Amino acid sequence: MLRTKLVSALLATLLGFAAANANADYHIVKSIQVGGEGGWDYLEPDPIGRRLYISHEKHVVVIDMDTLKVVGDVPDSPGMGGVTFSRELNRGFTANGDEDTVGVFELSTLKPIAKWKATGRRPNQIAYEPATRRVFSFNSTGRNITVFDAKTGNVLSTLEVDGRTEFYAMDGKGMIYDSLQDKATIIAIDAKIMKVVATYPLAPHAQPAGTTMDPLTRRIFVACRSKSFLVLDADTGKILATFPIGERNDAAKFDPGTQLAFASNGDGTLAVVHEDSPDQFTLAQTVKTEYGARTMAVDTKTHRVFMPSADWGPAPADNPNPRRPMVPGSFHVLVLEP
């Protein structure tokens, strides 16, 4: 009887701990004014170097994640694609969609070093894979992926995927998982042999965009523009959980320190899901952000969330699918804390 009571008490404590961790209270604490003309796309944090890299029209804005101030700029990066970096090589890489190139810059000085020609049109996402020291350029309208040697810039392979590539997730050990938006699938890429080794269908969910991963539990989180946030087994592709999210998703991130996965949506919402265990997940919070704040980054040291946004004018009345115009010079970055 005593043993039964002790087991029940322990189970209640563990369930209470999981429930407490499933709660989130993210809210906007600051807006970093950046200004400048044009739009933005993806951003990448460097938790060690304490810098945040944000693609902004034809350049990359660099923000100090501790002082929350703009501290630098990487010029000549046209196309508002993704940004990635290798601290061991002291290099950053940009996806320059307007000219079908990968830009290379020095991390320490932000000085441009070179440009590498992609083998497909419109590089949008870009990844540095640490186990192979290779750079993967996801060429969205080219429907392929260019693999570069990160040191030399030599093209090692081109992976034909016959799909519009979106954001990727990595396990850090040689596997990359990428969303094919128009195919409603996730492809698994072995970076060592440079081949697609599996394809996971997502139907009835459609238009996957934001993709992220918990490498420890091997769970992939996929945000879809069909307003669903999925959790997949990275090894089988099985969908383990589904949650509702807002419209026009464009990013998803995972914070291993809090076990929280985030999906940012252009309608001005941020979905927060807690990983209670490898097979149990809870929708912890839906945060009101700002219209247009569709991409994001997470600082795994402070657990802050950064979301680029802007001010917007009224939508034109004569357009059946109106897009609100951005107010010139209003570009800023929202800072959210738990």
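Start by selecting alanine 241: leaving out residues up to four places away in sequence, alanine 241 touches Phe229, Leu230, Val231 and Phe281, where contact means heavy atoms within 4.5 Å. Alanine 241 sits in strand E21; strands (E, at least two residues) and helices (H or I, at least four) are DSSP runs numbered from the N terminus. With 15% relative accessibility, alanine 241 counts as buried, a label for residues under 20% relative accessible area, while exposed means over 50% and partly exposed in between (1.4 Å probe, protein chains only). Now add threonine 258, 17 residues away along the chain, and draw a C-alpha to C-alpha distance: 19 Å separates the pair.

A word on the model before moving on. You are looking at a predicted model, in which local features need pLDDT of at least 70 and side-chain atom pairs count only at pLDDT 80 or more, whereas totals for chains, interfaces and linings use all residues. Residues are numbered from 1 along each chain as its sequence is written, and side-chain values use heavy atoms, with hydrogens and water left out.

**Zoom out: the whole chain**

Colour by pLDDT, the predictor's confidence in each residue, from 0 to 100. The protein chain averages 92, and 92% of the residues score at least 70. Then select residues 1-20, where pLDDT stays under 50 and the model has two contacts beyond four places in sequence.

Switch to a cartoon view and you will find one helix and 28 strands in the protein chain. The C-alpha trace spans about 70 × 50 × 45 Å along its principal axes. What radius of gyration does the protein chain have? The value is 20 Å, which agrees with the figure near 20 Å for a compact globule of 338 residues; the radius is taken over C-alpha atoms, and the globule rule is 2.2 Å times the number of residues to the power 0.38.

Buried residues make up 53% of the 338 in the protein chain. Of the contacts between residues at least 6 apart in sequence, 44% join residues at least 24 apart. A surface view shows about 14,400 Å² exposed, with carbon and sulfur atoms supplying 54% of it; the areas come from the Shrake-Rupley method with a 1.4 Å probe, and for residues only the protein chains shown count as cover.

**Two buried strand residues**

Next, select phenylalanine 306 in strand E27 (residues 305-309). Is phenylalanine 306 buried or exposed? Phenylalanine 306 is buried, because its relative accessible area is 0%. Show its surroundings: beyond four places in sequence, phenylalanine 306 touches residues including Leu43, Leu52, Met65, Leu68, Val333, Leu334 and Val335. Methionine 296 is another of its contacts; the two residues are ten apart in sequence and 5.5 Å apart in space, C-alpha to C-alpha.

Move to threonine 165, in strand E14 (residues 165-170). Threonine 165 is buried too, with a relative accessible area of 1%. Setting aside neighbours within four places in sequence, its contacts include Phe138, Asn139, Ser140, Asp178, Ser179 and Leu180.

**A walk through the loops**

Go to methionine 80, in the loop between strand E5 (69-74) and strand E6 (83-86). Methionine 80 counts as partly exposed, because its relative accessibility is 22%. Which residues does methionine 80 touch, not counting those up to four places away in sequence? They are Gly39, Trp40, Asp41, Ser55, His56, Glu57 and Asn124. Measure across to alanine 95, 15 residues apart along the chain, and the C-alpha separation is 7.5 Å.

Isoleucine 193 is your next stop, in the loop between strand E16 (185-190) and E17. Isoleucine 193 is partly exposed at 48% relative accessibility. Its C-alpha atom is separated by 14 Å from that of glutamate 160, 33 residues apart along the chain.

Now pick the loop between strand E17 (195-201) and strand E18 (208-214), where proline 204 lies. Look at the peptide bond joining alanine 203 and proline 204: this bond is cis, with omega about 15°. Glutamine 207 has its place in the loop between E17 and E18. Its phi is near 55°, a positive value in a residue other than glycine, and glutamine 207 is partly exposed at 39% relative accessibility.

Finish at arginine 248, in the loop between strand E21 (239-244) and strand E22 (249-255). Arginine 248 has a positive phi of about 60° although it is not a glycine, and its relative accessible area of 38% makes it partly exposed.
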